[in-house]
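Hello,

Here is the structure I promised to pass on to you. Please have it open while you read, as the notes below go through it piece by piece.

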Amino acid sequence: MKFAIFGNTYQAKKSSYAANLFRILEKYNSEICVCREFYEFLKSDLQIDIKGATLFDDDIFFADMAISIGGDGTFLKTANRVGKKDIPILGINTGRLGFLADISPQDMEKTFEEIHYNNFKIEERTILHLSSNNKQMTISPYALNEIAILKRDSSSMISIHTSINGAYLATYQADGLVISTPTGSTAYSLSVGGPIIVPNSNTIAITPVAPHSLNVRPIVIPDDWEITLDVESRSHNFLVAIDGGNESFNENDQISIRRADYTIKVVKRHNQAFFDTLRSKMMWGIDSRS
């Protein structure tokens, strides 16, 4: 198999397992191509010599599988680079929580043995796409986790006029609004009180950030519905954050959010279940007195 390797280039500790990863891939005579930025980081900071690897820039690559070694942030960047290539992504977790990158470094040997014998499963994850009536964006408009509409500074809250399929839903007076996929329901959305949604449930969650009215609650809608947002702000601008990237918008920039025309494929071990990951990461049922 041919693997495209992406990794965290900021913290050497998070990439310290890379040497073992390359040893395992060499064991199975894998073809390896490495993101140039990650390769240079490994060579200069960790003195790791990757034999026989080819390098690539931007999204100019092809592989049977992409590997993200880092945390969920690294996985999101990998997913953005993979885009519409239809290449499944395996996430090796050297970060903290790890809902997307959920293969522990200790399980790499067994995981790649299973991959070698084609004993794994692939889950398809919904992507959101943002478009605007007159805004030329400089960041990617696609989100695996969430699209957040936020006030730009520490000034007063913003008003977000929200419609679903052209029908008026509500005006949220809040610090922001998080539009989340099921994948992103355990990320930013969860931290502001959004629901946990099972992957592949074909839904989108809309959750306000610090709403002015306490009776405003999250709502879950089918993912083939379109969300339209018109924002009012005293500063006449606001921020749009898409999977960690962000861009400033003017209040006359109407926003539309809908399901993208492609999915991201996530590699999972056959014995992995979402509820197992949920219990482990969220520590459900753990007695804190123990």
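What follows is a short tour of what was found. Please keep in mind that this is a predicted model.

**Cores**

Let me begin with the interior. The largest nonpolar core has 48 residues, and the members that touch the most others are I5, L21, F22, F38 and F112. F22 gives a good view of the packing: beyond its neighbours within four places in sequence, F22 is in contact with I5, I32, V34, L42, I48 and I50. Another core lies apart from the largest one; it has 23 residues, including I227, V231, I242 and F249.

**Helix 3**

Helix 3 covers residues 72-82, and its buried residues are T74, F75, L76, T78, A79 and V82. What do these buried residues pack against? Their partners are four strands: strand 1 (2-7), strand 4 (65-70), strand 5 (89-93) and strand 17 (255-269). After the helix comes G83, which has a positive phi near 55°.

**Aromatic rings and the lysines over them**

There are seven aromatic pairs in the whole structure. One of them joins F6 and F61 edge-to-face, with 5.4 Å between the ring centres and 70° between the planes. F6 belongs to strand 1, while F61 is in the loop between strand 3 (54-56) and strand 4, so this pair ties together parts that are 55 residues apart in sequence. Both F6 and F61 are buried. Another edge-to-face pair is made by F274 and F275, at 5.8 Å centre to centre and with 70° between the planes.

F6 and F61 also belong to one aromatic cluster together with F56. F61 has a charged partner as well: the charged end of K85 sits over its ring, 5.0 Å from the centre. A second lysine worth a look is K135, which lies over the face of F249 at 5.3 Å from the ring centre. F249 is the residue listed above among the members of the 23-residue core.

**Two buried strand residues**

I179 is part of strand 11 (residues 176-180) and is buried, with a relative accessible area of 0%. Leaving out residues up to four places away in sequence, I179 touches L128, N145, E146, I147, I204, A205, I206, I227 and I257. One of these, I227, is a member of the 23-residue core. For a sense of distance, the C-alpha atoms of I179 and H212 are separated by 18 Å, and the two residues are 33 apart along the chain.

T203 sits in strand 12 (residues 203-209). Its relative accessible area is 15%, so T203 counts as buried. The T203 side chain makes a polar contact of 3.0 Å with the side chain of S201. With residues up to four places away in sequence left out, T203 touches S180, T181, P182, I197, V220, I221, P222 and D223.

**Cysteines**

Why do C33 and C35 not form a disulfide with each other? Their sulfurs are 9.9 Å apart, which is too far for a bond, since a disulfide needs the two sulfur atoms within 2.5 Å. For C35, too, the closest cysteine sulfur is the one in C33. The disulfide count therefore comes to zero. Both cysteines are buried, C33 at 3% relative accessibility and C35 at 6%.

**Two asparagines with positive phi**

The last item concerns the backbone. Most residues other than glycine have a negative phi, and two asparagines are worth checking against that. N118 has a positive phi of about 60° although it is not a glycine. N118 is placed in the loop between helix 4 (108-116) and strand 6 (120-132), and at 59% relative accessibility it counts as exposed.

N200 also has a positive phi, of about 65°, and is likewise not a glycine. Is N200 buried, partly exposed or exposed? It is partly exposed, with a relative accessible area of 44%. N200 is found in the loop between helix 5 (188-191) and strand 12.

I hope you enjoy looking around.

Best wishes

Notes. Residues are numbered from 1 along each chain as its sequence is written. This is a predicted model: local features need pLDDT of at least 70, side-chain atom pairs count only at pLDDT 80 or more; totals for chains, interfaces and linings use all residues. Side-chain values use heavy atoms; hydrogens and water are left out. Buried means under 20% relative accessible area, exposed over 50%, partly exposed in between (1.4 Å probe, protein chains only). A polar contact is a pair of N or O atoms within 3.5 Å; within protein, one must be able to donate a hydrogen and the other to accept it, and residues adjacent in sequence count only if both atoms are side-chain atoms. Contact means heavy atoms within 4.5 Å. A nonpolar core is a set of buried Ala, Val, Leu, Ile, Met, Phe, Trp, Tyr and Cys residues joined through side-chain atoms within 4.5 Å. Rings of Phe, Tyr and Trp (its six-membered ring) pair if their centres lie within 6.5 Å; planes under 30 degrees apart count as stacked, over 60 as edge-to-face and the rest as tilted. A charge sits over a ring if NZ of Lys or CZ of Arg is within 6 Å of the ring centre and within 35 degrees of the ring normal.
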